[in-house]
Amino acid sequence: MSNALSKDEFDFLRSIDTPTVCNLIEIVASARRGAGYTVRHLHCPFPDLPPMVGFARTVTIRARDAFGMGDASYIQRRLDYLDYVAAEPRPSIMVIEDLDEEPGYGAFWGEVQSNVHQSLGCLGTVTNGSIRDIPMIPPGFQMLAGSIGPSHAYVHMIEYGVDVNVHGMAVKSGDLIHADRHGAVVVPADKVAAMKTALDGLNQREAKIIKAARAPDMTVEKLKAAIKG
């Protein structure tokens, strides 16, 4: 595990869902409100998996057009890419931007790639591209994708370690990512301790409003008072 976060901080992030992460970021890093998270639906075939928290490995791909994947230089680049996936900080999350005009034309992710990446310390993927082989994905490997499709087509890697954007979420290699069935968000690693401190206050404020809304003697005035704090 990377020294960038303590075990307690990792455990804290794993214990809360992505909407709560976004709420806490709004409190402790107000300039980040409205940015740094996915803004469109992503298919999640494993919605019951707990949140995944890890460091981004960024990749761009294309799949629509034929490509010389047997070329020696490309093969070497794919082998070098495995070193990139396996490197610290870990655990990793693959954030893959499909550059095709029709993202998801071919699926990078399936039975083989998910097993390979999991063996290298990868928790899962966030991509605007497509995924396949859902029943054969290894247990615990999370997937959030723009679509689900049957074919590889001519999927090939363009670059890795570059800036990417997946459904509005701009990501740099090494960014801290939190993701679950709701979507994904880039977490400012230097704000995690402050987020942990802010959680109790957030929960108390929300609980007070919900309690007022559910009360048998609820009135608009009582609800307003709860909202005002």
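**Helix 5 against helix 6**

I looked up which residues join helix 5 to helix 6 in this predicted model. From helix 5 I listed Lys-208, Ile-209, Ala-212 and Ala-213. Their partners in helix 6 are Lys-222, Leu-223, Ala-226 and Ile-227. I sorted the residues of this contact by type: 6 are nonpolar, 2 are charged and none is polar.

Next I took the axes. Those of helix 5 and helix 6 come within 8 Å and cross at roughly 175°. Angles over 145 degrees count as roughly antiparallel, so I logged helix 5 as roughly antiparallel to helix 6.

**Helix 5 on its own**

I checked the length of helix 5, which covers residues 192–214. Its 23 residues, at 1.5 Å a residue, should span 33 Å. The end C-alpha atoms lie 32 Å apart, so the span agrees with the expected value.

I then looked for a bend. Helix 5 has a kink of about 35°, and its centre is Ala-198.

Which residues of helix 5 are buried? I noted Val-192, Met-195, Ala-198, Leu-199, Leu-202 and Ala-212. Ala-198 is therefore both the centre of the kink and a buried residue, by the under 20% cut-off. An α-helix has 3.6 residues a turn, so residues three or four places apart point the same way. I kept that in mind while reading the list.

What do these buried residues pack against? I found three helices and two strands as partners: helix 1 (7–14), helix 2 (18–28), helix 6 (220–228), strand 9 (176–180) and strand 10 (183–187).

**Helix 2 against helix 5**

I turned to the pairing with helix 2. The axes of helix 2 and helix 5 come within 9 Å, with a crossing angle of roughly 105°. That falls in the 65 to 115 degree range, so helix 2 is roughly perpendicular to helix 5.

On the helix 2 side I listed Thr-20, Val-21, Asn-23, Leu-24, Ile-25, Ile-27 and Val-28. On the helix 5 side are Ala-194, Met-195, Ala-198, Leu-199, Leu-202, Arg-205 and Glu-206. By type, this contact has 10 nonpolar, 2 polar and 2 charged residues. Ala-198, the kink centre, is among the residues that meet helix 2.

**Backbone oddities**

I scanned the backbone next. Most residues other than glycine have a negative phi, and most peptide bonds are trans. I wrote down the exceptions below.

The peptide bond from Glu-88 to Pro-89 is cis, with omega near 0°. Pro-89 sits in the loop between helix 3 (72–86) and strand 2 (92–98). I found a cis bond from Arg-90 to Pro-91 too, again with omega near 0°. Pro-91 is likewise in the loop between helix 3 and strand 2.

Asp-133 is not a glycine, and its phi is positive, near 60°. I placed Asp-133 in the loop between strand 4 (122–131) and strand 5 (142–148).

Ala-153 also has a positive phi, of about 55°. Ala-153 belongs to the loop between strand 5 and strand 6 (156–160). Is Ala-153 buried, partly exposed or exposed? Its relative accessible area is 27%, so I entered Ala-153 as partly exposed.

**Asp-163**

I found Asp-163 in the loop between strand 6 and strand 7 (164–166). Its relative accessibility is 51%, so Asp-163 counts as exposed; the cut-off is over 50%. Asp-163 still has contacts: setting aside residues up to four places away in sequence, Asp-163 touches Val-171 and Lys-172. I also took the separation from Ser-173, which is 10 residues away along the chain. The two C-alpha atoms are 6.7 Å apart.

**Gln-113**

Gln-113 is in helix 4 (residues 111–119). At a relative accessible area of 19%, Gln-113 is buried, because the cut-off is under 20%. Beyond its neighbours within four places in sequence, I found Gln-113 in contact with Arg-78 and Phe-108.

**Whole chain**

I closed with the totals. The chain has 6 helices and 10 strands. Its C-alpha trace spans about 70 × 35 × 30 Å along the principal axes. Of the 229 residues, 44% are buried. I looked at contacts with a separation of 6 or more: 75% of them join residues 24 or more positions apart.

How values were computed: Residues are numbered from 1 along each chain as its sequence is written. This is a predicted model: local features need pLDDT of at least 70, side-chain atom pairs count only at pLDDT 80 or more; totals for chains, interfaces and linings use all residues. Side-chain values use heavy atoms; hydrogens and water are left out. Helices (H or I, at least four residues) and strands (E, at least two) are DSSP runs, numbered from the N terminus. The expected span of a helix is 1.5 Å times one less than its number of residues. The bend at a residue is the angle between axes fitted to the seven residues ending there and the seven starting there. Buried means under 20% relative accessible area, exposed over 50%, partly exposed in between (1.4 Å probe, protein chains only). Contact means heavy atoms within 4.5 Å. Axes are lines fitted to C-alpha atoms, for helices over the stretch in contact, and angles run from 0 to 180 degrees between N-to-C directions. Angles under 35 degrees count as roughly parallel, over 145 as roughly antiparallel, 65 to 115 as roughly perpendicular and the rest as oblique. Ala, Val, Leu, Ile, Met, Phe, Trp, Tyr, Cys and Pro count as nonpolar, Asp, Glu, Lys and Arg as charged, and the others, Gly among them, as polar.
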